[in-house]
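Biologist: Could we go through this structure together? I would like to begin with the strands and then turn to the helices.

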Amino acid sequence: MFSVSPLFSNDCVLQRGKIITVFGEGSDGLEVQAVLKNKDGVITAKNKTIARNGKWRLYLEEQQAMTGATLVVSCRESKRVFYNIAIGEVWLAGGQSNMEFELGNSKEGPIELENETSPNVRFFYTKKNSWMDKKFYEEERYNSWQVWGSEEAHEWSAVGYFFAKKLARDLGVTVGIIGCNKGGTSASCWLSREALSEDTGLSSYLAEYEEAVGKKSEEQQIKEFDKYEKAQAVWDKKYAELQKEDAGIIWEKAEKKIGKNPWPGPMCCKNPNRPTGLFQSMVARTAPYTIRGVIFYQGESDDNKPQLYYRLFSKLIDCWRRLWADDTLPFVFVQLPMHRYEGDRDFKNWCLIREAQEKVASTVRNTTLASALDQGQYNDIHPKAKKILGERMEVSALDLVYRQIRKEEAVSPSLKNSLAEDDKMFLTFNNAVEGFFFKKDEDELFHYIQLENLVGNQVPEDFSGFEIAGPDGVYHPAKVEEVEGHTDRLVLTSDKVTQAVSARYAWYNYGPVTVFGKNGMPLLPFRTDKDEDGESTGHADIRQVMTV
């Protein structure tokens with residue numbers, strides 16, 4: 001037996017400037033050799049190893065950027081030759097549906113696909129199979145890297161593509177993206193069982209799964225899930241037909257016509273939303289391919305347990321770093337945008353997810369956050385404009401990983417400290433040495449007023465996004481002013497607050513985004529009073545966790 005991981009194929013991108021890991025499967029005792037040649041046929045790296053426990057792994061010397069290379073992997077009974085290999089930068093694009101969101105469906109994608117001729121980007125998509133049966137291994141075996149201009153390019157991650165395109169241009173090298181994402185998934189799906197079990201605070205994810213499965217046999221679980229998948233396919237077809245008749249049909253009306261959507265199906269060993277499942281069938285099948293870092297966009301499907309998200313995401317980063325044996329593996333991740341469905345109350349659970357994401361960026365080394373706060377789309381979990389976010393993540397990587405720009409150019413302003421003085425709240429910010437610019441966010445304000453009216457709350461038309469509270473803890477819209485002589489400070493007041501105690505900004509699931517640093521990055525949302533825990537509500541609506 002001898003095979004090479006499908007991550008090594010024609011057109012693959014290997015990471016420059018790092019030891020290159022080559023791996024696959026083989027009979028115990030089998031000697032495997034790999035040879036890397038440049039475009040002139042000159043050997044630049046060579047090594048061999050012995051297969052053990054059905055697997056083999058070898059390491060090639062660090063390489064400089066190049067294109068047109070050839071990789072030969074062989075043993076006594078077989079030889080595999082891979083052509084048109086690039087040595088450049090490799091990033092893994094992880095997360096759920098907003099990372100999965102396809103280039104062809106994005107706002108900018110159709111024009112990009114029609115007009116762009118040479119973005120110097122290549123893509124490998126890890127198969128989105130959650131159950132490792134015979135079909136899984138057959139599909140995995142024939143997976144391969146894709147180049148621009150291929151039929152599959154419209155299916156690439158839009159965020160991943162725009163990140164890679166800008167990075168390729170700025171660095172002057174080929175950039176490869178490994179897509180490892182799936183819509184509707186909790187971060188718990190992307191951790192190993194060992195990692196989830198290590199933290200007793202996260203044990204509820206496994207306990208709930210085990211309770212749902214009960215004493216059902218594996219055969220029974222599979223049978224029930226297969227039945228669900230057929231029902232889901234029928235529902236999806238009916239929904240697609242409805243959308244052809246009425247593209248703007250609201251979800252509730254659709255369900256009245258064709259019945260309730262059966263997603264996510266019975267929790268079982270085959271359900272992709274089960275904890276640890278996609279770690280086994282996707283992430284672990286990707287490692288230890290040599291990568292520069294991870295870009296990550298996820299959190300929407302953990303809004304039912306927002307208080308746990310800091311621990312959950314921190315554990316995910318640690319888990320993946322252990323898997324790649326790299327305790328400094330860079331993570332560039334997205335802070336969730338504004339989102340709320342019409343008819344939902346503002347549970348403020350997304351506020352807590354955003355707060356947890358900022359805490360990860362400030363406490364877990366070699367991580368950074370790209371804010372999407374101003375990129376939310378009304379009544380839709382999937383903002384269609386993906387280019388600006390992909391490019392914000394690239395700027396973050398230029399700072400964190402490549403040290404090509406100053407931090408002040410890449411990072412959003414964030415709250416540093418606060419000081420209450422009589423009826424005023426003075427706020428000081430990080431990364432605001434050049435000050436702020438303010439804008440009216442009229443569309444989001446309009447929708448925010450509408451949404452709040454539906455639940456009986458009144459919002460003034462001059463609402464700035466800032467709020468202030470006194471000893472009673474009741475928040476009121478605040479007037480915001482700059483402090484003369486201090487570009488990094490703001491002061492809040494309200495006619496309804498005579499003794500300031502606490503303040504907050506953009507503390508809602510969906511609402512106006514009004515303040516930006518001079519670098520164009522939105523001010524991160526904040527609260528000075530951390531006693532408020534928010535509500536654990538369950539997912540606000542099924543639509544927010546469905547795949548694209």
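Biologist: In the hairpin of β4 and β5, which residue takes a positive phi?
Modeller: Please keep in mind that this is a predicted model. The residue is G41, with a positive phi near 85°. The hairpin has five residues between its two strands.

Biologist: How many bridges hold β4 and β5 together?
Modeller: There are seven bridges between β4, residues 31-37, and β5, residues 43-50. The two strands pair in the antiparallel sense. As an example of their register, E31 stands opposite I50 in β5.

Biologist: And which residue in β7 is the bridge partner of V35?
Modeller: The partner of V35 is V72. Strand β7 covers residues 66-75 and is joined to β4 by five bridges, again in an antiparallel arrangement.

Biologist: Let us move along the chain. In what order do β15, β16, β20 and β21 stand in their sheet?
Modeller: The order is β15-β16-β21-β20, and these four strands form an open sheet with antiparallel pairing. From one strand to the next, the twist averages 25°.

Biologist: Which of those strands stand at the edges?
Modeller: Strands β15 and β20 do. Each has a single partner strand, so one side of each is left without a neighbour in the sheet.

Biologist: How many bridges are there between β16 and β21?
Modeller: There are four, between β16 at residues 424-430 and β21 at residues 486-493, in the antiparallel sense. M425 stands opposite L492 in β21, and T428 has R489 as its bridge partner there.

Biologist: What about the other neighbour of β21: how many bridges join β20 to β21?
Modeller: Five bridges join them, and the strands run antiparallel. Within this pair, E482 has L490 in β21 as its bridge partner. The two strands form a hairpin with two residues between them, and G485 in the turn has a positive phi of about 85°.

Biologist: Back to the edge strand β15, please. Is S414 buried or exposed?
Modeller: S414 lies in β15, residues 414-421. The relative accessible area of S414 is 12%, which is under the 20% limit, so S414 counts as buried.

Biologist: Which residues does S414 touch?
Modeller: Leaving aside residues up to four places away in sequence, S414 touches E358, T428, F429, N430, L523 and L524. T428, as mentioned, is the bridge partner of R489 in β21.

Biologist: New topic: what is the order of the sheet that contains β22?
Modeller: That open sheet of four strands has the order β19-β18-β22-β24, with antiparallel pairing. Strands β19 (475-477) and β24 (526-527) each have a single partner strand, so one side of each lacks a neighbour in the sheet. Two bridges link β22, residues 502-505, to β24, and R504 has R527 in β24 as its bridge partner.

Biologist: Now the helices. At what angle do α4 and α12 pack?
Modeller: Helix α4, residues 158-171, and helix α12, residues 387-400, pack at about 45°, with their axes 7 Å apart. Angles from 35 to 65 degrees fall in the oblique range, and the two helices are therefore oblique to each other. Their crossing is right-handed.

Biologist: Which residues meet there?
Modeller: From α4, the contact includes V159, F162, F163 and L167, and from α12 it includes M393, V395, A397 and L398. The residues of this contact divide into nine nonpolar, one polar and five charged. Among the other residues that take part are K166 and D170 in α4 and K387, E391 and E394 in α12.

Conventions
Residues numbered from 1 in each chain as written. Predicted model: local features only at pLDDT ≥ 70, side-chain atom pairs only at ≥ 80, totals over all residues. Heavy atoms only, no water. Pairing = 2+ DSSP bridges. Axes fitted to C-alpha atoms, helices over the stretch in contact; angles between N-to-C directions. Parallel < 35°, antiparallel > 145°, perpendicular 65-115°, else oblique. Left-handed = near helix turned anticlockwise from the far one by under 90°. Contact = heavy atoms within 4.5 Å. Nonpolar A, V, L, I, M, F, W, Y, C, P; charged D, E, K, R; others polar. Buried < 20%, exposed > 50% of the residue type's maximum accessible area, 1.4 Å probe, protein only.
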